[in-house]
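Let's take a walk through this one, from a loop or two into the packed interior. Have the model open alongside as you read.

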Amino acid sequence: MYCAIDFGTSNSAVAVPDAARGMRLVELEPGQATMPTAVFYAVDGPEQFGRAAVAAYVDGLDGRLMRSMKSILGSSLIAQTTEVGGGRGVKYLDIVAGYLRHLKRRAEADAKLRMERVVLGRPVFFVDDDAARDAQAQAALEAAARQVGFAEVHFQYEPIAAAFDHERRIAHEEVVLVADIGGGTSDFSIVRVGPQRARRLERKDDILANHGVHVAGTDFDRRIELAAILPAFGYGSLGPSLNGAPPREVPSGVYFDLATWHLINTVYNPQRVAELRAMRGFYADARQHQRLMTVVDERLGHELAARAEAAKIAVAEGGRSTIDLSSVERGLAVELSEPQALAALEHDMGRIVEAARETARAAGLGAVDALYFTGGSTGLRLLAQRIAAAFPGARIVRGDRFASVAGGLAVFAQRWYGNA
């Protein structure tokens, strides 16, 4: 039997064949067809996945939470081993495989059949401007899929899958620009879709162009953390003036690592901690250094990253957010306003909008009939507005931000494997 898996940077979903509906999404958690791409390695006890993994971390259980594993594909980290607590080490590739195994088991339990073939979604580019590393990323994901028991693995671009999902709901032919902006990548495809075209298995000539950049939601979180949270811990601050010389900026390396999810644990290395502790004299404000050491000593880096993500969402929904940092210092809080968020995200949003324009240029088009938004980061109103402004006159269509790619992968999987 076969299934379709949308292995996302932030959230994942699975679809299986259904006699009545063709394909359907699996309930991965109670009442939920999607689940966070997260695994918690407990020091004592089995791994937990999805919301249970996040809850275990929030509850302060002893162990390590892993998120955004997809972003590791294509990097040198994929072949390395990381400590997950209690002196236990796990290879990053095995972390990806473990999560895929969980999804596969959920699909098999739902369908009551063994899953041996899979269609996996992939971004247009795992890695920007590096074809070799991009190929390595897909090969690593395929290796993980085969490691958990999939004998046949086929890939489909995620924005193309989203186009297939959109195609099910239209009554006439149109040219659509699919904007799939998730946690790790912003992907764009221009696809010719329509009821008559949907009957064909081979759709290569309907894909007019695709392009993408490795910039998306986790990058936004990183920018927000650096702009709004980490200045309270010394980022961008100046040290004391010594012997009349101009003060120097505090070294920034530790802050960039604290704002990058898969690098946070490197800050807790004993040698690194000792070096940071010895940097007390680099800070003009002793409180900033003390706050930084509290984060390091109590391993609060992932909590800060999570608060940056929550603040980004809150600003997108309401225009302002107060970020509670009392876990570091009693009464400590910082503000994030919409203008501040805009300034922090301006460069990344500009790159994303330019990628959309470049996709249209590659297709030889000055306009499209429709813009189809999918992916969790399209919920950022300011970004969606910027993209829409680049294509005036296009009809705006919003897919399910977390499940439309999975739905389209399901459509493709049924066409690809259904008669096999």
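Arg 299 counts as partly exposed because its relative accessibility is 48%, where partly exposed lies between buried, under 20% relative accessible area, and exposed, over 50% (1.4 Å probe, protein chains only). You'll find Arg 299 in the loop between helix H8 (286-297) and helix H9 (301-318); helices here are DSSP runs of H or I with at least four residues, strands are E runs of at least two, and both are numbered from the N terminus. Its phi is near 55 degrees, a positive value in a residue other than glycine. Most residues other than glycine have a negative phi.

This is a predicted model, so local features need pLDDT of at least 70 and side-chain atom pairs count only at pLDDT 80 or more, while totals for chains, interfaces and linings use all residues. Residues are numbered from 1 along each chain as its sequence is written, and side-chain values use heavy atoms, with hydrogens and water left out.

Lys 112 also has a positive phi, near 60 degrees. Lys 112 sits in the loop between helix H2 (92-111) and strand E10 (117-122), and is exposed, with 70% relative accessible area.

Now for the inside. The largest nonpolar core (buried Ala, Val, Leu, Ile, Met, Phe, Trp, Tyr and Cys residues joined through side-chain atoms within 4.5 Å) has 72 residues, with Phe 188, Phe 233, Tyr 255, Ile 352 and Phe 391 touching the most other members. Helix H10 (residues 338-362) supplies the largest share of this core, nine residues. A second, separate core has 41 residues, including Tyr 41 and Val 153.
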